[in-house]
Amino acid sequence: DDDSAMRYWAAMGFLIGGAEAVKTGREQLVAALKDKSLNVRVVAAEALALHGDAADQKVALEALVELASVEAHGVFVAMAALNALDSAGDKAKAVVDAIKKLPAKGKVPDARYSPYVPRLLDDLLAKWK
């Protein structure tokens with residue numbers, strides 16, 4: 001669809017639908033990892049990270065780490081990606097070294113958002129100490 005909101009909610013539908021839905025929509029979700037909307041990419045990656053096969057999980061987790069860069073993508077996309085990594089639980093442990101290298105500071109539209117990414121990173125990494 002031309003409307004990114006429709007693509008976002010389609011990906012969200014697969015995520016909410018669980019393993020069987022992700023299996024059914026795998027091709028669309030893999031394609032959505034390259035969507036022009038970063039928010040669509042985050043949801044597609046989360047769905048594949050949670051419910052995809054091992055190869056899809058690897059690609060999805062790597063995509064989430066890349067999207068979690070607050071320097072590259074801003075605070076809102078980074079927060080969504082970090083929350084997706086958090087929901088992946090122990091599956092995200094495979095990319096813990098890359099998570100450790102993520103910047104804690106970057107683009108924020110207002111100073112009140114400055115502590116969000118560092119706190120999410122700290123909470124996420126605390127799981128594997």
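Biologist: Which residues does tyrosine 113 touch, not counting residues up to four places away in sequence?

Modeller: Val75, Phe76 and Val108, leaving out residues up to four places away in sequence. Keep in mind that this is a predicted model.

Biologist: Noted. Where is tyrosine 113 found?

Modeller: Tyrosine 113 sits in the loop between α6 and α7.

Biologist: Does that loop residue count as buried or exposed?

Modeller: Tyrosine 113 counts as buried, because its relative accessibility is 17% and the cut-off for buried is under 20%.

Biologist: Back to Phe76. What separates the C-alpha atoms of tyrosine 113 and phenylalanine 76?

Modeller: A distance of 9.1 Å. Along the chain, the two are 37 residues apart.

Biologist: Now the helix after that loop. Which residues of α7 are buried?

Modeller: Helix α7 covers residues 116-126. Its buried residues are Val117, Leu120, Leu121, Leu124 and Leu125. They take up an arc of only 125° around the axis, so they lie on the same side of α7.

Biologist: What do the buried residues of α7 pack against?

Modeller: Two helices: α5, residues 70-87, and α6, residues 96-100.

Biologist: Switching to aspartate 35. Where is its place?

Modeller: Aspartate 35 is in the loop between α2 (26-32) and α3 (38-51).

Biologist: And is aspartate 35 buried or exposed?

Modeller: Buried, because aspartate 35 has a relative accessibility of 11%.

Biologist: Which residues does aspartate 35 touch, again not counting those up to four places away in sequence?

Modeller: Arg7, Val40 and Arg41.

Biologist: Zoom out. How many helices and strands does the chain have?

Modeller: Seven helices and zero strands. The radius of gyration is 14 Å, close to the 14 Å that the globule rule gives for 129 residues, so the chain is as compact as a globular protein of that length.

Biologist: What does the C-alpha trace span along its principal axes?

Modeller: About 40 × 35 × 20 Å.

Biologist: How many of the 129 residues count as buried?

Modeller: The share is 45%.

Biologist: What about contacts across the sequence?

Modeller: Take contacts between residues at least 6 apart in sequence. Of those, 61% join residues at least 24 apart.

Biologist: And the surface? What area does the chain expose?

Modeller: About 7100 Å², with carbon and sulfur atoms supplying 55% of it.

Biologist: Last one, charges. How many positive and negative side chains are there?

Modeller: The chain has 17 positive and 18 negative side chains. The centres of the two sets are 5 Å apart.

Key
Residues are numbered from 1 along each chain as its sequence is written. This is a predicted model: local features need pLDDT of at least 70, side-chain atom pairs count only at pLDDT 80 or more; totals for chains, interfaces and linings use all residues. Side-chain values use heavy atoms; hydrogens and water are left out. Buried means under 20% relative accessible area, exposed over 50%, partly exposed in between (1.4 Å probe, protein chains only). Helices (H or I, at least four residues) and strands (E, at least two) are DSSP runs, numbered from the N terminus. The arc is that of the directions from the helix axis to the C-beta atoms. Contact means heavy atoms within 4.5 Å. The radius of gyration is taken over C-alpha atoms; the globule rule is 2.2 Å times the number of residues to the power 0.38. Accessible areas come from the Shrake-Rupley method with a 1.4 Å probe; for residues, only the protein chains shown count as cover. Lys and Arg count as positive and Asp and Glu as negative; His and the chain ends are not counted. The place of a charge is taken as NZ of Lys, CZ of Arg, CG of Asp or CD of Glu.
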